[in-house]
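Q: I have a model open and would like to learn how to read it, one feature at a time. Could you walk me through it?

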Amino acid sequence: MRTMEWQPSEELIRWGEEHFAGMTVNSIWSPDDSGVTFKKTDEKTFALVYRMNHPVSETHYERLKILLDACDYTVEEPDDVEVVTPPLNPQAQAHMEFERRQDIARAWVCECGFPLANNDLSDNTAEYVETVEAQTDAKETVPIDLWRYKINCAQCSEEISIDPDDFHLLAGDELFMQWTSSTHNYVALTRMQLKEFADGGMFDLSDNGGYPDFVTVLGQKKNDEPVPPWMWGLSVLENKKDILKEEEE
Ligand SMILES: [Zn+2]
């Protein structure tokens, strides 16, 4: 029974037509924070594969169905759809959502069929693309730095561009929380690591000492190079890039 009054705007329908047509068959569509996941099963069909058992998620699902319908797609709801009841604790909920998205990321494949997750993800390049003006909820414009990761497929050596959030899902915190500039490698320190340095007296300024020079805090730029926004304001270990590796490149 469809009792909803909601209708998508012309703009949203145009976006949908473009977005859905651009998706390859078997790819997954999981709008942020919707708790709903669809799979494009053929050129004109989407099937629901997952839905959170939550009223907000239900509303999203109803609206996404209306949108898909308005864009001329059929929506299938198989009997074996996974419906998951979210934990009440918001932190546990966020963790569950992250793990679910990670599961989806593990299924991403290169055009040749090789899973992206099976590549050596430590062999990556984070590349600054451009700065765009984005509108906030308060209708202010703020500059946003766009970045992308590049990896090479281990099977067909095709270069693959990955959105930073997606790279985070694929590679995990440890690889995401570091950055290599043209001269140095920066690795984010955890609170525990910093605490241990502090306990070891590394930040005591007595004995005419100073802060250790291998620890620094990153701003928007480092030696005139743009720093990825997710590394801003973090205490990092600073290492000179391996000279041998530099000669290789
Ligand atoms: Zn490939």
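A: Sure, starting with the vocabulary: helices and strands here are DSSP runs, with at least four residues for a helix (H or I) and at least two for a strand (E), numbered from the N terminus. On that count the protein chain has six helices and 14 strands. Keep in mind that this is a predicted model.

Q: Since it's predicted, where is confidence lowest and where is it highest?
A: The general idea is that where pLDDT is low, the predicted coordinates should not be read in detail. Here the protein chain averages a pLDDT of 87, and 94% of the residues score at least 70. Helix 6 (residues 243-248) sits at the bottom with a mean of 54, while strand 13 (residues 225-226) is at the top with 96.

Q: What do I look at for the overall build of the protein chain, and which domains are assigned?
A: Begin with the domain assignment: domain 1 covers 1-105, domain 2 covers 120-172 and domain 3 covers 177-248. The centres of domain 1 and domain 2 are 23 Å apart, taken over C-alpha atoms. Then try the radius of gyration: the protein chain has 22 Å, whereas a compact globule of 249 residues would have one near 18 Å. Along the principal axes, the C-alpha atoms fill a box of roughly 75 × 45 × 35 Å.

Q: What share of the residues is buried?
A: Burial is a matter of counting neighbours: a residue is buried if 20 or more other C-beta atoms lie within 10 Å of its own, and exposed if 12 or fewer do. By that cut-off, buried residues make up 12% of the 249 residues in the protein chain. As for contacts between residues at least 6 apart in sequence, 52% join residues at least 24 apart.

Q: How do I check a helix, say helix 1 with its 13 residues?
A: Compare its length with the rise per residue. At 1.5 Å a residue, helix 1 (residues 10-22) should span 18 Å, and its end C-alpha atoms are 18 Å apart, so the two agree. Then ask about cover: none of the 13 residues of helix 1 is buried, so call it hardly covered.

Q: How many of the nine residues of helix 5 are buried?
A: Zero, so helix 5 (residues 191-199) lies largely in the open. Look just past helix 5 too: glycine 201 follows, with a positive phi near 85 degrees.

Q: On to strands. What sense of pairing do strand 6 and strand 7 show?
A: For strands, look for bridges, direction and what joins them. Strand 6 (residues 125-135) and strand 7 (residues 141-152) are antiparallel, with 10 bridges. One pair to click on is threonine 131 with its bridge partner in strand 7, aspartate 145. Their hairpin has five residues between the strands, and lysine 139 in that hairpin takes a positive phi near 65 degrees.

Q: And where does strand 7 go next?
A: Strand 7 also pairs with strand 8 (residues 159-162), again in the antiparallel sense, over four bridges. Tyrosine 149 is opposite isoleucine 162 of strand 8. This hairpin has six residues between the strands, and serine 157 is the one to check, with a positive phi near 55 degrees.

Q: Which strands run parallel?
A: Strand 3 and strand 4 do, joined by three bridges; phenylalanine 46 stands opposite valine 75 in strand 4. On the antiparallel side, strand 3 (residues 45-52) pairs with strand 2 (residues 36-42) over six bridges. There, lysine 39 faces alanine 47 of strand 3, and the hairpin linking strand 2 to strand 3 uses two residues.

Q: Where is aspartate 72 found, and what is its phi?
A: Aspartate 72 is in the loop between helix 2 (55-70) and strand 4 (74-76). Its phi is positive, near 75 degrees, in a residue other than glycine. Aspartate 72 counts as exposed because it has 12 C-beta neighbours inside 10 Å.

Q: Is asparagine 223 buried or exposed?
A: Exposed, with 9 C-beta neighbours inside 10 Å. Asparagine 223 lies in the loop between strand 12 and strand 13, and its phi is positive, near 50 degrees.

Q: What does lysine 221 touch?
A: Leaving out residues up to four places away in sequence, lysine 221 touches Pro226 and Val227. Lysine 221 belongs to strand 12 (residues 221-222) and is exposed, with 11 other C-beta atoms within 10 Å. Its C-alpha atom is 8.8 Å from that of tryptophan 232, 11 residues away along the chain.

Definitions and conventions:
Residues are numbered from 1 along each chain as its sequence is written. This is a predicted model: local features need pLDDT of at least 70, side-chain atom pairs count only at pLDDT 80 or more; totals for chains, interfaces and linings use all residues. pLDDT is the predictor's confidence in each residue, from 0 to 100. Domain bounds come from an automatic or database domain assignment. Two strands pair if DSSP finds at least two bridges between them. The radius of gyration is taken over C-alpha atoms; the globule rule is 2.2 Å times the number of residues to the power 0.38. Two residues are in contact if their C-beta atoms, placed from the backbone, lie within 7 Å. The expected span of a helix is 1.5 Å times one less than its number of residues.
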